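User: Could you take a close look at one part of this model for me, the long-range cysteine question and the helix around it? I'd like one connected walk-through rather than a list.

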Amino acid sequence: MNPCSAFKGLYSSFLLAFSVTIIMGLIATSQTNLSSEAHPAAAYILIWVAIIWLTMVEGGQASLVGLAPVNSELYRDSHPIAYKCTSITNKGDNLDRYLLGRQLMVVIVVFCVNMSGGPLGNADLWGFPSWVSGIFLQSGLAMILFTCNVGQLNTQVNASLCMLDYINNYFALLTLWVAMAIEFSGLLHSSYLVQMLVAFLAGKKIESNEEPRNFLQNVFFYTRCFASLAILIGCFAVTLEALFAGKTTMWEGVPSYVAVIVFFILMSVVGMLEGMQIAFFAVAKLPESERGSSVWAMKTCNLLFSGQGNNLPGFMIGRQLCVVSCMFFVARVTSVSIPEGESNIFNVSDGLQRLFDTGLLGALITTICGSISWQLAASAFPLAFLSNPITYVLLRLCLLLESSGLCAAAWLIAAVHKKISGFQRDEVYIGTAEERAKGDMRDNTKHVPVGPGHMTKLPGFVDNAPKSLQKLLRKDPEVQSYINSLYNQVESQERTIVPTEEPIQEETQEEIDAEKKATEESSTFCGFGY
């Protein structure tokens, strides 16, 4: 580990420890939203349950998506619960359904963390100077560092490398069933209307692993779609009414029209960040000549794929910080709070008003309009995202946040978690992709639908390609073009590609040392010995 990385890890760990301490202190002194209205114990329980569940929601996604192409018989006996999980997600279109339900789970959990640990507007803890309170409390930095480092990034580190061990427990299975139940409820079914619109605009058919729905199934499906659309419209109506009436947890003194503008700007930023990750991975496999001809598309691609390729995973880390920051602000802007003595929203009953006060309405709006819709649009029109100057600006911002090292503590947490849990890399149990192919257990991507109208299955942060192949791809553009063409053929399921076995030229010791140094200095999910 170089001195710069060590310093980032040290100061990030200090900031995280300080952030956790002051959040717990705010709850103890009843200066958070939930602890001020209920007993602090309720806030303590909710915030830690939410954070721990968030670790499984984030890690479960990385594991289930990463294991989708792997033959499940390889780990049926060694990891029986992981086998149960993948048996569910690999059936029909269940992986898409899981990803849809999981998206709402993430937003709800973040809203719960904000409800239980978010400071009140006049919070003042332990006589801290006003500038410290402003940075860590009022700006939400403490909550952002806590959520990103503890609840999201560290779990993605382990889950991207130890997928089998990570989901081989009943907690993972429960989380999977909850996500599937959310999708089945129909709350998010208006997303399928967006899916159909996107596929129509792209001029492509939505691929499915299931038989066409019969009449009764169509009735049930479209009933939920239009019911979800009606609920979404109702959520917007309540939220906008609360914003214009000044009945949210928005900071005092902010005019109502400014609150509405901020709400839509934050939603758009979240949507852009969600769509950007899809667009970036979509164009990563395209030749440079096909990555768009606009000035902004070329500037974005030159920045994204420059150097040793570290900017793409660097963007993913910085993006996590941006998305969580925006979600906390959206939660504050959209959470309904009726001042004492004033009437309920639309004069509804107290019971319904309590439902409005939970923040569920804002979570639903954020999930459908600020996340899923943008991802679906980006899957169909990735080049349109690249040609947007806002994309370039946000990419620069995300890379700046990642380079700051604010999330470097996640690697330390991941290392400790891995040691305690005894996680081992998946290769220990099922071998590498090349070894599986030699044993007639070749990975199969045919049951993983991709393209317009589908929630994109993002690859992990670990590049499993052999080092010799990575070097060859960088040196010879023709080889890169050929590999891209093979990938496209697999993705479109036109034919099966059977690789030929060729002897690989052994690398010199100098090349091995250079690659080892580059790996240690990489900013991907390989920190602290990973």
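Analyst: Let's start with the cut-off: a disulfide here is a pair of cysteine sulfur atoms within 2.5 Å. Keep in mind that this is a predicted model. With that cut-off, the structure holds zero disulfides. Take C235: the closest cysteine sulfur to its own sits in C369, 9.4 Å away, so the two are too far apart for a bond. Looking from the other end, C369 is in no disulfide either, and its nearest cysteine sulfur is that of C235.

How do the two cysteines compare in exposure? C235 has a relative accessible area of 6%, so it is buried. C369 comes out at 24% relative accessibility and therefore counts as partly exposed.

Now for the helix that carries C235. Helix α11 covers residues 215–245, and its 31 residues at 1.5 Å each should span 45 Å; the end C-alpha atoms are 45 Å apart, so the expected and modelled spans agree. C235 has company among the buried residues of α11: F221, R224, C225, S228, L232, V238, T239, A242 and L243 are buried too. Note that the list includes an arginine, R224, alongside residues such as L232 and V238.

What happens at the two ends of α11? At the N-terminal end, N214 acts as the cap, with a side-chain oxygen 3.2 Å from the backbone nitrogen of L216. Just past the other end, G246 adopts a positive phi of about 70°.

Over to helix α16, which runs over residues 360–380 and contains S373. S373 has a relative accessible area of 17%, which is under the 20% cut-off, so it is buried. Its C-alpha atom is 9.7 Å from that of L193, although the two residues are 180 apart along the chain.

Last, the empty space. A search of the whole structure turns up two cavities of 30 Å³ or more, and the largest has a volume of about 50 Å³. Its lining is made up of M56, G60, L64, C85, Y98, I167, A172, T175 and L176. Two elements give two or more residues to that lining, namely α3 (40–67) and α9 (170–185). By residue type, the lining splits into seven nonpolar and two polar residues, with no charged ones. There is a cysteine in this lining as well, C85, but as noted, the structure has zero disulfides.

Conventions: Residues numbered from 1 in each chain as written. Predicted model: local features only at pLDDT ≥ 70, side-chain atom pairs only at ≥ 80, totals over all residues. Heavy atoms only, no water. 1 Å grid on protein atoms, 1.4 Å probe; cavity = no way out; pocket = protein on both sides within 12 Å on 5 of 7 lines; lining within 4 Å. Points joined across faces, edges and corners; volume = space filled by probe spheres on them. Helix = DSSP H or I, 4+ residues; strand = E, 2+ residues; numbered from the N terminus. Nonpolar A, V, L, I, M, F, W, Y, C, P; charged D, E, K, R; others polar. Expected span 1.5 Å × (residues − 1). Buried < 20%, exposed > 50% of the residue type's maximum accessible area, 1.4 Å probe, protein only. Polar contact = N/O pair within 3.5 Å; in protein donor to acceptor, adjacent residues only side chain to side chain.
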